[in-house]
Amino acid sequence: MLECLPHLEKFIREGRYVADGASASCFSALFLREVKAGETLRVEDLYPQPDARRVYDRPLDLLLGGWPTPLLKVGEAPREAWAKLEWYNPFSRSIKDRTTYALVRSVEGDRLVEVSSGNVAIALGVLGILLGKKVKIYLPSAAKYVEPVLDVLGVEHEVLDVTMTIEALEHIKGDVAKGAVHTNQFENDANFFMHIRTAVEIDWQLSSRGIKPSYVIAGAGTSGHSAALGFYFGAKYGARLVAVQPSDWIPGLRRTESGMKWIKYVPAEVVDVSFEQALEGIKTLARRYGLLAGLSSGAVYFEYLRRRSEGVYLMVFPDDIYKYLDLLKYK
Ligand SMILES: Cc1ncc(COP(=O)(O)O)c(C=O)c1O
């Protein structure tokens, strides 16, 4: 992965790259197909190709043909802000549809196993059905709310008595020993590469308004999307990454010291946001814009609200409020 970063950086800056022996495998991971040495790669080939009328023949096109997800202005100059609304993805209604699609495409095998705190579980359940793969999911106890969804999908799953997704990793070893393939959202570089594509999509959207972000604010779980967006917009425009971690508990997010692969590759300012502050972010978004965002989105928006530097802020809102209603009820 590290060896890919200089090639990726040049590709992002120049919009073109002629693959060589050293970089072909990096670009295969990015383009989700085999790239051969000598091939000229163009950033435009990663732009979404939406069907304007939204008429689809295959359920998978709801995802691939549904991009771009909307980018909404949620703050005016001198602290202009744009939010990528990732709950417009069709399956888990979250950014994890993208991640999971890349994970599934990156592995061989018909039996897949994964640990998830929620959104990956649902996305993998659906993609397993659409791509003909048998899926087993381990859920940490806090993710119990996705069980009914997995039941409806008929996806095998087990709730474990552990609080963090990462602690559940131990349990998949038995499945792997029996031939299942671990898609591994925490370590599989397909996660990071997919979100370089997310960044290309956002850049394509922003460029229609002539906008270059100066800051990227994103929540860190695996760090797949925050690191990739930070890397892309850093390489292209010198933007700075602000990575949000929970000071107590926010579903989907983790503290960076708990071990994250990709955040280490990108200079980032890591900031703490609490559950209460995330809730305040959700309420402000709802009351200003009518947006019903999820907790990690609320945390990202809270961080934007408390920053004073002028510039253009790009935020990612990973999912909406509906998975968290039980959590909000008691607050
Ligand atoms: C709601 C939500 N927000 C944020 C994240 C963090 O995203 P990433 O894993 O790309 O760091 C996740 C990851 O599970 C999530 O489910």
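## A near-square helix pair

Helices α10 (residues 275–289) and α11 (residues 295–306) pack at an angle of about 85°, and their axes are 7 Å apart. Angles of 65 to 115 degrees count as roughly perpendicular, and α10 and α11 are therefore roughly perpendicular to each other. Bear in mind as you look around that this is a predicted model.

Who touches whom here? On the α10 side the contact uses Gln277, Ala278, Leu279, Glu280, Gly281, Ile282, Thr284 and Leu285, and these meet Leu295, Gly298, Ala299, Tyr301, Phe302 and Leu305 of α11. Sorted by class, that contact comes out as 9 nonpolar, 4 polar and 1 charged residues.

## Three domains

Stepping back, the protein chain splits into domain 1 (2–46), domain 2 (65–94 + 189–329) and domain 3 (108–182). If you take the C-alpha centres of domain 2 and domain 3, you find them 25 Å apart. Domain 2 puts 9 residues into the contact between these two, and domain 3 puts in 10 residues. On the domain 2 side, the residues touching domain 3 are 2 nonpolar, 4 polar and 3 charged.

## Around the ligand

Where does the ligand sit relative to domain 2 and domain 3? Both domains give residues to the shell around the ligand, so it lies between them. There are 19 residues around the ligand, and the ones that come nearest are Gly221, Thr222, Gly252, Ser296 and Pro318.

Helix α9 (residues 224–237) supplies the largest share of that shell, with 3 residues. As for the chemistry, the shell around the ligand has 14 polar residues, along with 3 nonpolar and 2 charged ones.

## Helix α9 has another partner

Helix α9 also packs with helix α1 (residues 5–14), at an angle of about 55° and with the axes 8 Å apart. That makes α1 oblique to α9. As for handedness, α1 crosses α9 in a right-handed way.

The residues doing the touching are Glu9, Ile12 and Arg13 from α1, plus Tyr232, Ala235 and Lys236 from α9. By class, this α1 and α9 contact has 3 nonpolar and 3 charged residues, with no polar ones.

## Helices α4 and α5

Now for another helix pair. Helix α4 (residues 96–106) packs with helix α5 (residues 119–131) at an angle of about 50°, and the axes are 9 Å apart. That makes α4 oblique to α5. The crossing of α4 and α5 is right-handed.

In the contact, α4 brings Lys96, Asp97, Thr99, Thr100, Tyr101 and Val104, while α5 brings Asn119, Val120, Ala123, Leu124, Leu127 and Leu131. By class, the contact of α4 with α5 has 7 nonpolar, 3 polar and 2 charged residues.

## Backbone oddities

A few spots in the backbone deserve a look. Which peptide bonds are cis? One is the bond from Trp67 to Pro68, where omega is near 10°. Pro68 sits in the loop between α3 (60–64) and β3 (71–75). Another cis peptide bond joins Ala77 and Pro78, with omega about 10°. You'll find Pro78 in the loop between β3 and β4 (79–85).

Then there's Leu32, which isn't a glycine yet has a positive phi, near 55°. Leu32 is in the loop between α2 (24–31) and β2 (40–42).

Conventions:
Residues are numbered from 1 along each chain as its sequence is written. This is a predicted model: local features need pLDDT of at least 70, side-chain atom pairs count only at pLDDT 80 or more; totals for chains, interfaces and linings use all residues. Axes are lines fitted to C-alpha atoms, for helices over the stretch in contact, and angles run from 0 to 180 degrees between N-to-C directions. Helices (H or I, at least four residues) and strands (E, at least two) are DSSP runs, numbered from the N terminus. Angles under 35 degrees count as roughly parallel, over 145 as roughly antiparallel, 65 to 115 as roughly perpendicular and the rest as oblique. A crossing is left-handed if the near helix is turned anticlockwise from the far one by less than a right angle, and right-handed if clockwise. Two residues are in contact if their C-beta atoms, placed from the backbone, lie within 7 Å. Ala, Val, Leu, Ile, Met, Phe, Trp, Tyr, Cys and Pro count as nonpolar, Asp, Glu, Lys and Arg as charged, and the others, Gly among them, as polar. A residue is near a molecule or strand if its C-beta atom, placed from the backbone, lies within 6 Å of it. Domain bounds come from an automatic or database domain assignment.
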